[in-house]
Amino acid sequence: MSKLTICDHPLIQHKLTFIRDKNTNTKDFRELVDEVSTLMAYEITRDLPLETIPVSTPVTEAQGKVISGRMLGIVPILRAGLGMVEGMLKLIPSAKVGHIGLFRDPETFVPVEYYVNLPTDATERLLIVIDPMLATGGSANAAIETLKQRGCTQIKLMCLIAAPEGVKAVQEAHPDVDVYIAALDECLNDHGYIVPGLGDAGDRMYGTK
């Protein structure tokens with residue numbers, strides 16, 4: 001079974017409260033999502049391997065730690081996932097970015113794929129799939145399956161808010177993919193929205209209805 005990590009740092013939880021608030025305007029919403037994504041990127045990269053290299057300080061010669069050749073990739077699920085990309089790149093600027101376009105059929109909640117564009121060396125990278133919401137798990141599972149079909153084997157999933165149903169769906173379908181979230185909410189409602197959630201992340205991020 002994959003590992004579920006809830007990033008409960010006080011700064012993340014503080015900012016998440018204002019992301020949830022229906023009175024938060026579009027500009028502030030985008031900035032908060034960007035900031036939380038940076039903080040979560042710190043957590044999701046915690047287990048990257050290190051190697052020791054020599055370094056010359058102004059005082060003497062020393063040994064320092066650097067990331068041990070682990071190439072990273074960020075794969076947002078369009079469109080809401082785009083709002084998390086820049087925040088992550090602030091911390092891991094050398095990561096390459098791919099895109100997977102999915103929309104959820106409003107009647108069946110089944111994800112429909114309409115666009116895929118990945119780095120040419122995606123199979124050699126640790127790929128972090130990002131989306132603000134993990135509701136039914138349908139979009140996340142479809143995105144992960146798309147990556148696996150293209151030969152990618154190192155995959156993690158990062159979302160701001162998740163429903164228990166979505167976490168369970170991903171862990172059952174992809175037990176090799178660890179899941180990172182900022183909050184585990186109560187449930188899904190009859191329309192497939194997370195409760196209490198934050199509404200439609202894409203609409204709130206881009207000012208659409």
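This passage describes a helix pair, one lysine and two cis peptide bonds in a predicted model.

In the predicted model, helix α1, which spans residues 10-20, and helix α2, which spans residues 26-44, have axes that come within 9 Å and cross at roughly 155°. Since angles over 145 degrees count as roughly antiparallel, α1 and α2 are therefore roughly antiparallel to each other, and the crossing in which α1 passes α2 is left-handed. On the α1 side the contact is made by Leu11, Ile12, Lys15, Phe18 and Ile19, which meet Phe29, Leu32, Val33, Glu35, Val36, Leu39 and Met40 in α2. The residues of this contact comprise ten that are nonpolar and two that are charged, with no polar residue among them.

A further helix, α4, covers residues 138-149 and contains lysine 148. Lysine 148 has a relative accessibility of 27% and therefore counts as partly exposed, because the partly exposed class lies between the limits of 20% and 50%. Leaving aside residues up to four places away in sequence, lysine 148 touches Ile155, His174, Asp176 and Val177. Serine 56, by contrast, is separated from lysine 148 by 92 residues in sequence and by 42 Å in space, taken from C-alpha to C-alpha.

Most peptide bonds are trans. A cis peptide bond nevertheless joins leucine 78 and arginine 79, with omega at about 0°, and arginine 79 is placed in the loop between β4 (72-78) and α3 (85-91). The peptide bond from valine 195 to proline 196 is also cis, with omega near 5°, and proline 196 lies in the loop between β13 (194-195) and α6 (201-206).

Conventions:
Residues are numbered from 1 along each chain as its sequence is written. This is a predicted model: local features need pLDDT of at least 70, side-chain atom pairs count only at pLDDT 80 or more; totals for chains, interfaces and linings use all residues. Side-chain values use heavy atoms; hydrogens and water are left out. Axes are lines fitted to C-alpha atoms, for helices over the stretch in contact, and angles run from 0 to 180 degrees between N-to-C directions. Helices (H or I, at least four residues) and strands (E, at least two) are DSSP runs, numbered from the N terminus. Angles under 35 degrees count as roughly parallel, over 145 as roughly antiparallel, 65 to 115 as roughly perpendicular and the rest as oblique. A crossing is left-handed if the near helix is turned anticlockwise from the far one by less than a right angle, and right-handed if clockwise. Contact means heavy atoms within 4.5 Å. Ala, Val, Leu, Ile, Met, Phe, Trp, Tyr, Cys and Pro count as nonpolar, Asp, Glu, Lys and Arg as charged, and the others, Gly among them, as polar. Buried means under 20% relative accessible area, exposed over 50%, partly exposed in between (1.4 Å probe, protein chains only).
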